[in-house]
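Student: I am new to this structure. Please pick a single part and take me through it slowly, explaining the terms as you go.

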Amino acid sequence: MVACVAIALTAPLIADGTEDGAANVVVRGRTVYREQCVSCHGVQGDGRGEAAASLSPLPQNFTTGVYKFRSTMSGQLPTDDDLFRTITIGIAGTAMDRYAALPEQDRRALVAYLKSLSPRFAREEAGQPIAFPASRPLTPESVARGRAVYERMQCAVCHGDGARGDGPLAADLSDTDGLPIRPADLTRPQLKGGRAPESVFRSVMAGLDGTPMPSYGDSLIPDEAWDLALYIFSLSAREGK
Amino acid sequence: MTRLRVVHKAVLMMILGVVMTEPARAYEVDLSAGKTTVRGQITLRGPAPPAERVTVLRDSAFCGEAVTNESLLVDRSSNGVAVVVVSLEGVTAGKPLPDERRLALENRACRFSPRVKAVPAGSQLEINNADPVLHNTHIRKSDATFLNVALPPGGKTIRKPLADPGRLDVRCDAHRFMQATIHVFAHPYFAVTDQAGKFELTQVPPGTYRLRVWHEILGMQERTVTVPAQGQAIANMELQAPN
């Protein structure tokens, strides 16, 4: 074990495309994980760290390879950038802090280590990220179109007519572990997946795996999803949050 | 340096927790391999419980105030259990997989139709919603999300390939009483029992195999079946009624 730590501290950390380079990065990622993540996510990465019991929602279990915040289609693995983003910006409203202050190299190493905790990453290809549409500005027209998408897709069933997370189904939902889960209050400026409109676009198209939030990637074209994202963005902007 | 490399590899393997397992031998088509038919009946031991009525909490104006749980269907005269998935495990070569490679899964009248289905690997799943209410089709395979898609009313059909064998559990988060199960097989020796609980597997090559049966609420059981080179083999099984 002493030998591993010595290697981690002295070896160059750039994944140079060789097996050794990749191994170095994973080893470095494990060191960072043990310093920063282990108290909540646990030594095994199963989300059962010492602090986990007092947290709601529970910390992520990395061993299943199921991730909520992705840019890929439902059921697919996240991209490295998806994992890097969540580490960097954290998850608003939860105990998951932002780790933007960690050196980028260490956050990249963490991504490599987290992937090593689930056999799915060795077995399956990561999905292709869903492309953002060409930029469309926030205008009264785009917001009105987005509101129409909100109604047509029946988002209010869970999120409520005012998007505050209080729809008729809100109290009756559970995640795939059977734990109760509330729909997001979409009027908040900091959503769990990041700021609107980008985070809303991703979550609507990709869904949040492990939760009842389904993917609309087969039901909406990207322009419609972007209008919807602008509508959600307008809700927090309007309230001056 | 070489020694360090070895250490690196060992550490990486340790971290990855990699367990090298031999992949199961892939199924091969051999038209001459099998001539025997395996027949059987799956029956219930003990009295069949009365069908459960589940109160509908959401969209009851359309779905109805209550729905009957149709998961256990028992033939009164023979105690045969319908809709049991039966498969013969361990056959490595034999008849080709069925031609039908499409599974239409419909959300209709707040039910999944079909409720239980067995299909060959490589089938295309096609999900649609015939109802005027929002459904989602949330499919899990062991502890991972296979698919969770929204099905707004009037929306289009959603397609997803069923490439790998295994059991897929299907739910609707908006209507929790909605359930379905899809079994995907990498070989053609599978069947779903009829109303009398009977099944038939044709063109089975000789050998000793495991007959695996699965029922939505009675669970999974296995027994050994020895198949002769010709003629037929009878493989019945009794499943215990729930308390």
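Tutor: Here is a close look at chain B, from its overall make-up to its domains. This is a predicted model, in which local features need pLDDT of at least 70 and side-chain atom pairs count only at pLDDT 80 or more, while totals for chains, interfaces and linings use all residues. Residues are numbered from 1 along each chain as its sequence is written, chains are lettered from A and ligands numbered from 1 in the order in which they are written, and side-chain values use heavy atoms, leaving out hydrogens and water.

Let's start with the fold. Chain B has two helices and 21 strands; these are DSSP runs, with helices (H or I) of at least four residues and strands (E) of at least two, numbered from the N terminus. Of its 243 residues, 45% are buried, meaning under 20% relative accessible area with a 1.4 Å probe, protein chains only. On the outside, chain B shows an accessible surface of about 12500 Å², with 51% belonging to carbon and sulfur atoms (Shrake-Rupley method, 1.4 Å probe).

Next come the contacts, meaning heavy atoms within 4.5 Å. Among those in chain B that link residues at least 6 apart in sequence, 64% join residues at least 24 apart.

Now for the domains, whose bounds come from an automatic or database domain assignment. In chain B, domain 1 covers 27-97 + 187-243, and domain 2 covers 98-186. Their centres, taken over C-alpha atoms, are 20 Å apart. Domain 1 of chain B brings 24 residues to the contact, and domain 2 of chain B brings 24 residues.

Methods
Buried means under 20% relative accessible area, exposed over 50%, partly exposed in between (1.4 Å probe, protein chains only).
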